[in-house]
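Reader: I would like to learn how to read a model like this one. Could you walk me through it, feature by feature?

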Amino acid sequence: MIGWLRHQTQALLAAQRRLLAQPVATLLAALAMGVAVSLPSALYLGLGTLNRLAGNLPASPEISVFLDGDTAAADRAAIATRLKQSDIAQARYVPKEEALATLSAAQDLADIAAGLAQNPLPDAWVVRPHASSREQLDRLALDLDKLPGVAETHLDSQWAGRLQAALALGRTVVWVLAGLFAIALTAISGNAIRAQVLARHNEIQVSRLIGATDRHIRRPFLYLGALQGLLGGLAAGVVLAVVGVILRAPVERLAALYGSSFHLLPPTVIEIVGVLGLTTLFGWLGAWLTVSRTLRLADSAA
């Protein structure tokens, strides 16, 4: 066990020396990996921020039922009775005075509301149905629209549903891009290790002649690939941090114009560890594929 640990430590130190011996090539490889990793990572973080925003939207759809201004008391009672039926989960009456007060409290709308000579808003009901399918909701909205005294119905949260669908599509795109960039990361690591293997071709041949196993020959290159992948993950973190600093102020200014506290979410510790672990793994994989192929070709040539 002690001998195994000593060999592992020696291989790791040898990989570190090789990286430090070529700082420019190491930096360029890390930057290439970092850029490859930063794009799907940035999309993932952006989708996470949008998903948090979408989570603040109403989870279930609502139907707004607007009444005519001259709706008779009998019609109002009939509407209230209809909204107590079994297909309605919840119904809340919103008088026009409450609607105007809510409008006046909204940012950038207080001056407009104060300048109104009379309240132009109608009385309304906010209805939350049991149904969830689009067909059932459309049918219920049409039925409510036909009631005497109803001026108009509006099915709310349609755009929230579209946003959720777009987020689901975005997550699929992120995973596809992540897979493609994982292949690219493996190729970048493999190409960098291939240059190291070719530069030490004679050393490898001598090691095999004196009895070194393929595992012993492969080990320092595997550590080299893993370290390059780790550096690539750290470079991706730097790229994302710089992009976050650049975009923070414009995003906050845009959110302030809409009266929102929306801001970009930083990655969590688990996400950071996950990215570093994956880049290290794919760096190791690229090295393993390259060195194994080189050793097989050497066996074939022999």
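Author: Gladly; we will go from the overall layout to the cores, an aromatic pair and a pocket. Please keep in mind that this is a predicted model.

Reader: Let us begin with the layout. How many helices and strands does the chain have, and in what order do they run?

Author: The secondary structure consists of ten helices and four strands. Starting at the N terminus, the order is α-α-β-α-β-α-α-β-α-β-α-α-α-α. The chain has 302 residues, of which 30% count as buried.

Reader: And how should I look at contacts along the sequence? What share of the contacts between residues at least 6 apart join residues at least 24 apart?

Author: That share is 85%.

Reader: Now the interior. Which residues of the largest nonpolar core touch the most other members?

Author: A nonpolar core is a set of buried nonpolar residues joined through their side chains. Here the largest one has 16 residues, and Ile63, Val65, Trp125 and Val127 touch the most other members. At least two residues each come from strand S1 (63-67), helix H3 (73-82), S3, helix H6 (134-145) and strand S4 (150-155). H6 gives the largest share, four residues. There is also a second, separate core of 13 residues, with Leu19, Leu222, Leu224 and Leu227 among them.

Reader: Trp125 caught my eye. Is Trp125 buried or exposed, and what is Trp125 in contact with beyond its neighbours within four places in sequence?

Author: The cut-off for buried is under 20% relative accessible area. Trp125 has 15% relative accessibility, so Trp125 counts as buried. Beyond those sequence neighbours, its contacts include Ile63, Ser64, Val65 and Leu67, along with Ile79, Ala80 and Leu83. Ala91, Arg92 and Tyr93 are in contact with Trp125 as well.

Reader: How many aromatic pairs does a search of the whole structure find?

Author: The search finds one. To read such a pair, look at the ring centres and the angle between planes: under 30 degrees counts as stacked, over 60 as edge-to-face and the rest as tilted. The ring centres of Tyr93 and Trp125 are 5.2 Å apart and the planes stand at 55°, so this pair is tilted. The two partners belong to distant parts of the chain, 32 residues apart: Tyr93 sits in strand S2 (residues 88-94) and Trp125 in strand S3 (residues 124-129). Tyr93 has 34% relative accessibility and therefore counts as partly exposed.

Reader: On to the largest pocket. What is its volume, and which residues are the closest to its centre?

Author: With a pocket, it helps to ask about volume, then lining, then chemistry. The volume of the largest pocket is about 1100 Å³. The lining has 42 residues, and Ser41, Ala42, Leu45, Leu240 and Val275 are the closest to the centre. Helix H2 (23-55), helix H7 (158-199), helix H9 (214-257) and helix H10 (269-301) are the elements that give two or more residues to the lining. H9 provides the largest share, 13 residues. By class, the lining comprises 29 nonpolar, ten polar and three charged residues.

Reader: Could we finish with single residues in those helices? Where is Gln228, and is Gln228 buried or exposed?

Author: Gln228 lies in helix H9. With 7% relative accessibility, Gln228 counts as buried. Setting aside residues up to four places away in sequence, Gln228 touches Leu19, Met33, Ser189, Ala192 and Ile193. For a contrast, take Leu281 in helix H10, which counts as partly exposed at 45% relative accessibility. Leu281 and Leu227 are 54 residues apart along the chain, and their C-alpha atoms are separated by 9.6 Å.

Note on methods
Residues numbered from 1 in each chain as written. Predicted model: local features only at pLDDT ≥ 70, side-chain atom pairs only at ≥ 80, totals over all residues. Heavy atoms only, no water. Phe/Tyr/Trp six-rings, centres within 6.5 Å; stacked < 30°, edge-to-face > 60°. Buried < 20%, exposed > 50% of the residue type's maximum accessible area, 1.4 Å probe, protein only. 1 Å grid on protein atoms, 1.4 Å probe; cavity = no way out; pocket = protein on both sides within 12 Å on 5 of 7 lines; lining within 4 Å. Points joined across faces, edges and corners; volume = space filled by probe spheres on them. Nonpolar A, V, L, I, M, F, W, Y, C, P; charged D, E, K, R; others polar. Contact = heavy atoms within 4.5 Å. Core = buried A, V, L, I, M, F, W, Y, C linked by side-chain atoms within 4.5 Å.
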